[in-house]
Amino acid sequence: MPAYVVVDIEIRDAATYEEYKRLAPPSIAAYGGRYVARGGATTTLEGEWEPTRLVILEFPTAERARAWWGSAEYAAAKSLRQASANTDMVLVEGLAAPSA
């Protein structure tokens, strides 16, 4: 069952965050992940949430997403992100594909 990492990012240090953006994609791909949304325009439809920079990643399973987040491959990038941005991040399990 797919799983999604949803991230709301407020960048504090743009130069360091650019380096993060360079380092993160290979680690995501190594765990079967892919970007679904990466900083595109957002529109609030209800409520007061106004994400600064919204990123959505899809992984094959929640276990693969957790493994990526805690991996050695992601560690350097994660450190840069944590140093350069305020981040809210959640993992949500997706729905199983409908049976044919």
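Me: With Ala, Val, Leu, Ile, Met, Phe, Trp, Tyr, Cys and Pro counted as nonpolar, Asp, Glu, Lys and Arg as charged, and the others, Gly among them, as polar, how many nonpolar residues are in the lining of the largest cavity?
Reply: This is a predicted model, where local features need pLDDT of at least 70 and side-chain atom pairs pLDDT 80 or more, while totals for chains, interfaces and linings use all residues. Residues are numbered from 1 along each chain as its sequence is written, and side-chain values use heavy atoms, without hydrogens or water. The lining has no polar residues and three charged ones, and its nonpolar count is ten.

Me: What is the volume of the largest cavity?
Reply: The structure has one cavity of 30 Å³ or more (a set of 1 Å grid points where a 1.4 Å probe fits but cannot get out). Its volume, the space filled by probe spheres set on the points, is about 100 Å³.

Me: Which residues are closest to the centre of that cavity?
Reply: The lining has 13 residues (each with an atom within 4 Å of a point). Closest to the centre are Ile9, Tyr17, Tyr20, Tyr35 and Val55.

Me: Which element gives the largest share of the lining?
Reply: Strands S1 (3-11), S2 (34-38) and S3 (53-59) and helix H1 (14-30) each give two or more residues. Helices (H or I, at least four residues) and strands (E, at least two) are DSSP runs, numbered from the N terminus. The largest share, four residues, comes from H1.

Me: What pattern does the chain follow along the sequence?
Reply: The chain has three helices and four strands. Read along the sequence, their pattern is β-α-β-β-α-α-β.

How values were computed. On a 1 Å grid over the protein atoms alone, a cavity is a set of points where a 1.4 Å probe fits but cannot get out, and a pocket is an open set with protein on both sides within 12 Å along at least five of seven lines; lining residues have an atom within 4 Å of a point. Ala, Val, Leu, Ile, Met, Phe, Trp, Tyr, Cys and Pro count as nonpolar, Asp, Glu, Lys and Arg as charged, and the others, Gly among them, as polar.
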